[in-house]
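Subject: Structure for you to look at

Hello,

Here is the structure I promised to pass on. Please open it and keep it on screen while you read the notes below.

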Amino acid sequence: MPLVKNRVLKATVWSFFQRAGSLIIGFVTNMVLARLLEPEDFGCVAIILVFVSFADILVDSGLTSALIQKKDVSKQDISTVFSTNLFISIILFATIFIAAPAIGRFVGVPNLAVYLRVESIAVLIRAFYCIQAAFLNKNLKFSSLAKIGITSATISASISIAMAALGCGVWSLVAKNLILQLSICLLYRHTSKVSYKLGFYKKNFKELFGFGWSVALTSFCDTFYSNIVSFLIGKRYSVKDLGYYNQANSLKQIPVYSISMVISQVLFPFMSKMQDDSTRVLNNTRRVLVATTFFTFPLLVYLFFFAKPVIILLYSPKWVASAVYFQILCIGGLVNAIIHINRNVLKSIGETKTIFFTQIIITIMGLIGVAYFLRYDIKILVIWIVCTSYINWLLISIMTGRKIGYSLWMQCNDLFLNILFSIIAGYVSYRIGLLIANEFVTALIGALLFAVIYFLLHFIFKTKQFKTVLSSNK
């Protein structure tokens with residue numbers, strides 16, 4: 001058991017290094033590009049990524065997740081997954097390439113067809129490294145994943161910034177995504193020496209797809225909903241509004257996914273190994289959820305209170321219009337990490353159909369609401385998006401309670417003090433921050449006050465949440 005704990009701890013540290021490194025590089029890159037480019041440029045790329053993101057989900061079809069979850073993987077399994085992914089990627093690339101001009105005319109964005117055709121090459125590239133990525137994750141090789149992620153992010157960021165400085169506009173963002181995928185592919189194939197060849201085995205496909213189809217459709221529905229919202233914002237309002245919304249959403253995801261993805265990246269393969277021990281699954285889920293929200297809640301609450309100075313400080317005053325969207329999305333972000341962890345736990349014990357069932361409900365409800373609220377101001381639409389996140393949290397938490405005994409009430413009880421102390425710290429530091437005129441000083445002093453108040457409250461009351469985080473580091 002100590003060996004297992006040490007492996008998981010080491011994997012978690014490397015996963016954090018990977019995510020933190022990639023996050024810092026991506027954050028700094030986005031900050032520089034936001035100053036060099038216009039909101040319309042980001043809005044244009046957001047529309048392009050709507051279609052590329054759909055294709056990415058379909059290329060994998062959930063089969064690589066099935067490889068991670070399956071205990072004994074054969075060469076026939078690997079060849080079947082690779083061949084299937086490659087075939088689907090070719091079909092999707094051809095479809096996007098042919099449909100690009102029609103999409104460009106419908107959206108009404110100049111040169112969109114050319115951008116989309118070039119960006120869709122990433123769909124082909126992804127098929128050539130899915131297998132390597134799956135096995136590095138399955139074997140908890142997060143040191144290799146960290147090196148690959150940071151190196152590829154550095155290469156793509158450097159080229160993108162250079163292109164933006166030379167006045168390449170949208171092309172700098174297109175190149176950033178494309179070069180990132182190409183770098184990842186080359187590094188994965190160099191690092192992971194998984195042997196496979198073209199070959200399709202019907203029996204193996206049925207077994208893997210039995211697990212993977214619901215994972216793929218869940219991801220597709222989730223991606224479809226979020227991306228169709230971006231597409232409709234760009235169509236109904238303006239590409240500039242989409243740029244503001246997309247930038248706000250990207251910034252919101254930093255505290256949500258920088259921490260929850262680190263834990264979940266280790267959580268899924270690790271819990272897949274203990275899926276037959278329900279007690280261990282329950283206890284580890286509680287600890288992970290408490291530890292994750294101990295950090296994500298205060299970060300999001302701080303960003304909610306100090307949205308305007310943070311936006312101006314990071315992206316310049318031309319992005320200040322995105323601050324109100326950012327505040328609304330931060331409220332939704334409070335439950336995004338919880339949803340993500342609940343899903344990973346259910347996925348690790350093979351309950352992929354349960355995840356799919358909840359996602360179908362959310363997608364249908366979300367689309368109905370979007371169709372209705374599009375007639376109103378964009379802020380009303382963003383509020384609805386946040387509402388769907390909370391409905392999703394309620395549904396997935398109820399399902400987790402039924403499957404592993406971790407009820408919605410237990411989750412709320414475990415997380416209550418984290419959110420309460422975050423709100424108290426946020427309000428007090430915000431009121432003090434109002435006395436300061438300078439945006440930079442306001443954000444900095446506010447952050448320091450917030451951190452002191454938040455940790456002091458946990459320390460004074462000796463909360464179980466604080467003890468859980470301390471014990472997790474031992």
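Below is what was found, one topic at a time. Please bear in mind that this is a predicted model.

**Helix α4**

Start with helix α4, which covers residues 75-107. How far apart are its end C-alpha atoms? They are 45 Å apart. The helix has 33 residues, and at 1.5 Å a residue it should span 48 Å, so the two values agree.

Helix α4 has a kink, though. The kink is about 50 degrees and lies at Ala 100. Shortly after that residue comes a proline, Pro 101. Just after the helix sits Gly 108, with a positive phi of about 80 degrees.

**A contact between distant residues**

Now find Gly 199. It lies in the loop between α9 (170-191) and α10 (202-236). Its relative accessibility is 17%, so Gly 199 counts as buried. Which residues does Gly 199 touch, not counting those up to four places away in sequence? They are Ser 79, Thr 80 and Ser 83. Take Ser 83 as a case: it is 116 residues from Gly 199 along the chain, yet their C-alpha atoms are separated by 6.1 Å.

**Salt bridges**

Side chains of opposite charge can pair when their charged atoms come close. How many salt bridges does a search of the whole structure find? It finds four. Three of them are described here.

One joins the side chains of Arg 286 and Asp 414, at 3.0 Å from N to O. Arg 286 is in helix α12 (residues 278-305) and Asp 414 is in helix α17, so this pair ties together parts that are 128 residues apart in sequence. Is Asp 414 buried or exposed? Asp 414 is buried, because its relative accessible area is 2%. Arg 286 has 28% relative accessibility, so it counts as partly exposed.

Another salt bridge joins Asp 414 and Lys 464, at 3.2 Å from N to O. This pair also links distant parts of the chain. Asp 414 is in helix α17, Lys 464 is in helix α19 (residues 464-472), and they are 50 residues apart. Lys 464 is partly exposed, because its relative accessibility is 42%.

Asp 414 appears in both pairs. What do the shared partners build? They join Arg 286, Asp 414 and Lys 464 into one network.

A further salt bridge is between the side chains of Lys 379 and Asp 377, at 3.2 Å from N to O. Lys 379 has a relative accessible area of 35%, so it is partly exposed. Asp 377, at 40%, is partly exposed too.

**A nonpolar patch**

Go back to helix α17, which covers residues 408-433. Ile 432 is found in this helix. With 36% relative accessibility, Ile 432 counts as partly exposed. It belongs to a nonpolar patch on the surface. Which residues make up the patch? They are Phe 416, Leu 420, Ile 424, Tyr 427, Val 428, Ile 432 and Leu 435. Together they have about 640 Å² of accessible area.

**Helix α18**

Helix α18 spans residues 439-461. Look for Thr 442 in it. Thr 442 is buried, because its relative accessible area is 8%. What is it in contact with, leaving aside its neighbours within four places in sequence? The list is Phe 306, Pro 309, Gly 433, Ile 436 and Ala 437.

**Two positive phi values**

Most residues other than glycine have a negative phi. Two residues here are worth checking against that.

Ser 316 has a phi near 90 degrees, a positive value in a residue other than glycine. It lies in the loop between α13 (307-315) and α14 (323-348). Ser 316 is buried, because its relative accessible area is 10%.

Lys 462 has a phi near 50 degrees, also positive in a residue other than glycine. It is found in the loop between α18 and α19. Is Lys 462 buried or exposed? Lys 462 is exposed, because its relative accessible area is 57%.

Best wishes

Definitions and conventions: Residues are numbered from 1 along each chain as its sequence is written. This is a predicted model: local features need pLDDT of at least 70, side-chain atom pairs count only at pLDDT 80 or more; totals for chains, interfaces and linings use all residues. Side-chain values use heavy atoms; hydrogens and water are left out. Helices (H or I, at least four residues) and strands (E, at least two) are DSSP runs, numbered from the N terminus. The expected span of a helix is 1.5 Å times one less than its number of residues. The bend at a residue is the angle between axes fitted to the seven residues ending there and the seven starting there. Patches are made of residues with over 30% relative accessible area and no salt bridge: like charges are joined within 9 Å, nonpolar side chains (Val, Leu, Ile, Met, Phe, Trp, Tyr) within 5 Å. Accessible areas come from the Shrake-Rupley method with a 1.4 Å probe; for residues, only the protein chains shown count as cover. Buried means under 20% relative accessible area, exposed over 50%, partly exposed in between (1.4 Å probe, protein chains only). Contact means heavy atoms within 4.5 Å.
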